[in-house]
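Colleague: I am new to this structure and would like to learn how to read its features one at a time. Could you take me through them slowly?

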2 protein chains.
Amino acid sequence: MSEADATRRPTVYDVAQEAKVSIASVSFAFRRPDKLSDATRERVLEAARRLGYAPSAAARGLAHGRTGTLGLHAFDLLLERADPIAEANPLTGLSRPRLDAGGVIPWNQTDDDVLSDPRAFPLYVDEVQRGFELECWALGRPVMLSSGAGTDVSVADTAGRVDGLAIFPSPQTAPALARYAPTIPIVLFSAAPADDRHHRVRVDNVGGMHALADHLVRAHGIRDVAFVGRMEASDTVERHAGLAAGLADLGVFLRDEVVDATVRGEDDLVPQLRGLIADGRLPQALVCATDQHAFAVLDALAAEGLRAPDDVVVTGFDGTLAARLSSPSLTTVRQPMEAMGRAAARILAGAAGPADRPFDVVFEPRLVVRRSCGCRG
Amino acid sequence: MSEADATRRPTVYDVAQEAKVSIASVSFAFRRPDKLSDATRERVLEAARRLGYAPSAAARGLAHGRTGTLGLHAFDLLLERADPIAEANPLTGLSRPRLDAGGVIPWNQTDDDVLSDPRAFPLYVDEVQRGFELECWALGRPVMLSSGAGTDVSVADTAGRVDGLAIFPSPQTAPALARYAPTIPIVLFSAAPADDRHHRVRVDNVGGMHALADHLVRAHGIRDVAFVGRMEASDTVERHAGLAAGLADLGVFLRDEVVDATVRGEDDLVPQLRGLIADGRLPQALVCATDQHAFAVLDALAAEGLRAPDDVVVTGFDGTLAARLSSPSLTTVRQPMEAMGRAAARILAGAAGPADRPFDVVFEPRLVVRRSCGCRG
DNA sequence: TTGTAAGCGTTATCAG
DNA sequence: CTGATAACGCTTACAA
């Protein structure tokens with residue numbers, strides 16, 4: 001047993017030799033056990049076990065034309081692409097623990113106090129991803145997770161590895177996706193309808209915002225509302241429109257001016273909010289495009305010594321776990337995230353029915369009333 | 001454009017033909033751009049884009065001998081293997097929504113109220129998984145997630161798809177793993193040391209339990225303690241031993257009798273606990289092997305009209321988010337889960353240093369004091 | 001600088 | 001029931 005032989009991954013040839021059969025019999029032993037006599041099958045399986053043979057998925061995928069894997073591509077959201085060579089984690093600034101030093105790695109080298117923040121995990125994408133994973137497991141399909149800038153190459157790389165791809169689209173991914181759509185099925189999460197070949201899984205943003213508008217006006221008598229969000233995402237645009245329409249139905253008008261916030265922090269938000277406060281122009285309610293935005297607003301208000309719901313009503317959208325935990329707890333519109341992830345997996349696996357036409361699955365969201373609107377959450 | 005041509009995934013041959021070059025040039029255009037003239041490279045890339053060409057990872061993996069992917073295998077934990085054909089979700093009993101019916105899928109068909117329980121997500125494995133994913137993304141490596149009974153076939157299938165495999169070991173996976181270890185690097189999470197070829201990432205269970213014992217005795221004067229857990233997992237065994245040793249150091253003895261609990265529920269637990277209560281033999285503290293066990297204990301106590309910490313002190317282990325949210329909030333020992341996941345990914349990717357000897361990375365856990373031990377959390 | 005051709009480890013189609 | 005043998009799509013010497 002030479003060094004090379006010890007570490008090389010055994011192949012059908014090795015097993016065939018060991019079991020004194022042809023490579024076809026080895027393959028059959030795994031894929032079509034019925035086409036082999038009990039004796040040879042056992043002999044092959046035994047030899048395979050002895051050698052530690054694991055069929056190469058690459059070779060099978062090549063021969064068979066499909067990998068069996070379903071993919072989920074998340075573009076870098078909160079995640080700065082870390083420099084893997086750097087000694088320090090760019091997210092936390094702490095240096096990476098040495099893993100080969102022996103002994104116990106002290107707690108203060110693990111960043112855990114920084115990292116265990118529910119505002120960072122689990123987010124909307126994480127809960128959708130979980131649904132996707134659970135359904136894939138139920139379907140017996142491995143899941144391939146990838147991330148990247150959403151550029152051609154990162155999407156192409158993923159597309160080459162899977163039989164179907166679910167993706168949280170960003171403006172940059174659109175052109176790349178259009179190219180691979182004819183080739184593999186693609187599911188877009190939370191993308192506005194369009195005349196393309198992609199499948200869609202999304203929520204009724206307009207309906208959700210209608211429900212919220214209704215609550216704010218009817219239960220809290222609110223008549224002066226501003227929207228907070230970045231108008232890049234189609235989700236945000238829909239939510240803005242839904243809010244405006246919902247308010248209009250009740251004779252309330254939404255302020256034209258949108259408070260612009262980034263997901264990353266309150267950099268843009270603080271000065272804008274501060275301006276409104278200084279001018280005495282703070283509205284009665286700040287309706288935010290996402291929970292993340294709402295947290296940024298809550299923080300910015302606190303920095304000015306103001307609190308929701310006493311000084312201003314604040315609401316979110318998504319219904320993440322963090323919304324339950326924030327202080328005050330956040331009134332929000334919850335998406336059925338796990339169900340959305342599951343739906344995507346079923347579509348890609350062909351378990352949702354024939355895909356002759358693109359699926360456009362729209363889920364109803366649900367208003368979750370808590371403290372930040374003035375209710376007793 | 002025949003039907004077949006429209007949907008077949010384009011290959012190097014198609015691109016070569018389109019760009020009027022050889023297949024080698026196509027390959028070079030992607031892998032070794034420097035070996036091609038600017039003109040041809042551009043021509044190839046343009047043709048590839050036009051055709052929607054995505055290099056097949058299977059073929060590349062086969063030719064190159066490695067897939068580039070890192071794997072994470074989770075055995076079915078809470079997850080009953082669902083029957084994907086069934087109309088109803090076996091976990092919730094609710095029927096699956098039809099995805100092709102059109103219209104908005106009503107909220108009550110999404111199971112979301114059942115599914116959004118922090119006791120079910122994120123758990124220990126989820127936070128470790130997240131760390132693994134984040135580090136893989138930072139390293140530019142796709143992640144392959146799989147799950148299964150931990151039988152030979154499910155592990156072998158995963159092993160055939162990845163360059164390295166991290167795994168939450170169960171008693172059943174051990175023999176299968178031993179077979180593939182020579183072939184690909186394997187990281188075991190939370191496995192007791194042993195003389196095998198696997199890498200290990202774990203916490204100092206004994207140290208964590210020492211800290212807990214210390215707190216219970218010194219801060220709360222506790223002198224009568226029982227351990228709750230299933231003694232199957234090596235983690236549990238270590239924690240039990242650590243607790244016993246920590247208490248003994250302070251002259252306190254741990255009850256011999258272990259309260260046996262399943263993770264799934266309080267089926268076994270309730271009668272045992274009820275027995276102790278009826279006999280007036282409830283200890284001062286119930287130290288549980290995991291947060292999950294502690295929740296089961298809390299529920300069982302509540303069913304008997306008892307509450308922690310007034311009637312009995314209860315503690316957990318892991319430090320999941322749910323421990324923060326439970327009522328009373330749970331005193332526990334937190335593992336640096338994200339750091340552990342990251343460490344595993346770095347080891348498998350070769351970013352942690354040469355792996356001539358197996359890594360055995362031990363992290364320090366941290367005592368988190370909350371209400372359930374009697375402190376003011 | 002570009003093209004030719006030999007693998008890589010399966011699966012599947014034939015004959016035997 | 002078993003064994004040759006030809007794909008599958010890509011990478012990479014090596015040749016031109």
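Colleague: How many residues of chain A are in contact with how many residues of chain B?

Modeller: Please keep in mind that this is a predicted model. In it, 95 residues of chain A touch 94 residues of chain B. The two chains bury about 8,000 Å² between them, and 60% of that area is on carbon and sulfur atoms. On the side of chain A, the residues that lose the most area to chain B are Leu99(A), Trp107(A) and Trp137(A), which together account for 10% of what that side buries.

Colleague: Within chain A, how many helices and strands are there, and what share of its residues is buried?

Modeller: Chain A has 15 helices and 13 strands, and of its 377 residues 53% are buried. If you take the contacts in chain A between residues at least 6 apart in sequence, 67% of them join residues at least 24 apart.

Colleague: Into which domains is chain A divided?

Modeller: The assignment gives domain 1, covering 1-53, and domain 2, made of 205-335 together with 365-373. The C-alpha centres of these two domains of chain A are 63 Å apart.

Colleague: How should I read aromatic rings, and which of them form a cluster in chain A?

Modeller: A pair of aromatic rings is described by the distance of the centres and the angle of the planes. Over all chains, the search of the whole structure finds 7 aromatic pairs. Ring pairs link Tyr124(A), Phe168(A) and Phe189(A) into a cluster.

Colleague: Which charged residue lies over the face of Phe317(A)?

Modeller: That residue is Arg239(A), at 3.9 Å from the ring centre. In chain B, the charged end of Arg239(B) sits over the ring of Phe317(B), again with 3.9 Å to the centre.

Colleague: Is Arg346(B) buried or exposed?

Modeller: Arg346(B) counts as buried, because its relative accessibility is 11% and the cut-off for buried is under 20%. This arginine lies in helix α15 of chain B, residues 337-349, and a polar contact of 2.6 Å joins its side chain to that of Glu135(B).

Colleague: Let us turn to the backbone. Where do I find cis peptide bonds, such as the one that joins Phe121(A) to its partner?

Modeller: The value to look at is omega, which is about 0 degrees for the cis bond between Phe121(A) and Pro122(A). Pro122(A) is placed in the loop between α6 (112-115) and α7 (124-139) of chain A. In chain B, the peptide bond from Ala308(B) to Pro309(B) is also cis, with omega near 0 degrees, and Pro309(B) belongs to the loop between α13 (291-303) and β10 (313-315).

Colleague: What is phi of Lys20(B), and is this lysine buried or exposed?

Modeller: Phi of Lys20(B) is near 55 degrees, a positive value in a residue other than glycine. The loop that holds Lys20(B) runs between α2 (12-19) and α3 (23-31) of chain B. This lysine counts as exposed because its relative accessibility is 72%, where the cut-off for exposed is over 50%.

Colleague: What is phi of Ser190(B), and where is this serine found?

Modeller: Ser190(B) is not a glycine either, and its phi is positive at about 55 degrees. Ser190(B) is found in the loop between β5 (186-189) and β6 (199-203) of chain B. At 11% relative accessibility Ser190(B) counts as buried, whereas Lys20(B) counts as exposed.

Methods:
Residues numbered from 1 in each chain as written. Chains lettered and ligands numbered in written order. Predicted model: local features only at pLDDT ≥ 70, side-chain atom pairs only at ≥ 80, totals over all residues. Heavy atoms only, no water. Phe/Tyr/Trp six-rings, centres within 6.5 Å; stacked < 30°, edge-to-face > 60°. Lys NZ or Arg CZ within 6 Å of the ring centre and 35° of its normal. Domains from an automatic or database assignment. Helix = DSSP H or I, 4+ residues; strand = E, 2+ residues; numbered from the N terminus. Buried < 20%, exposed > 50% of the residue type's maximum accessible area, 1.4 Å probe, protein only. Polar contact = N/O pair within 3.5 Å; in protein donor to acceptor, adjacent residues only side chain to side chain. Contact = heavy atoms within 4.5 Å. Buried area = accessible area lost by both parts, 1.4 Å probe.
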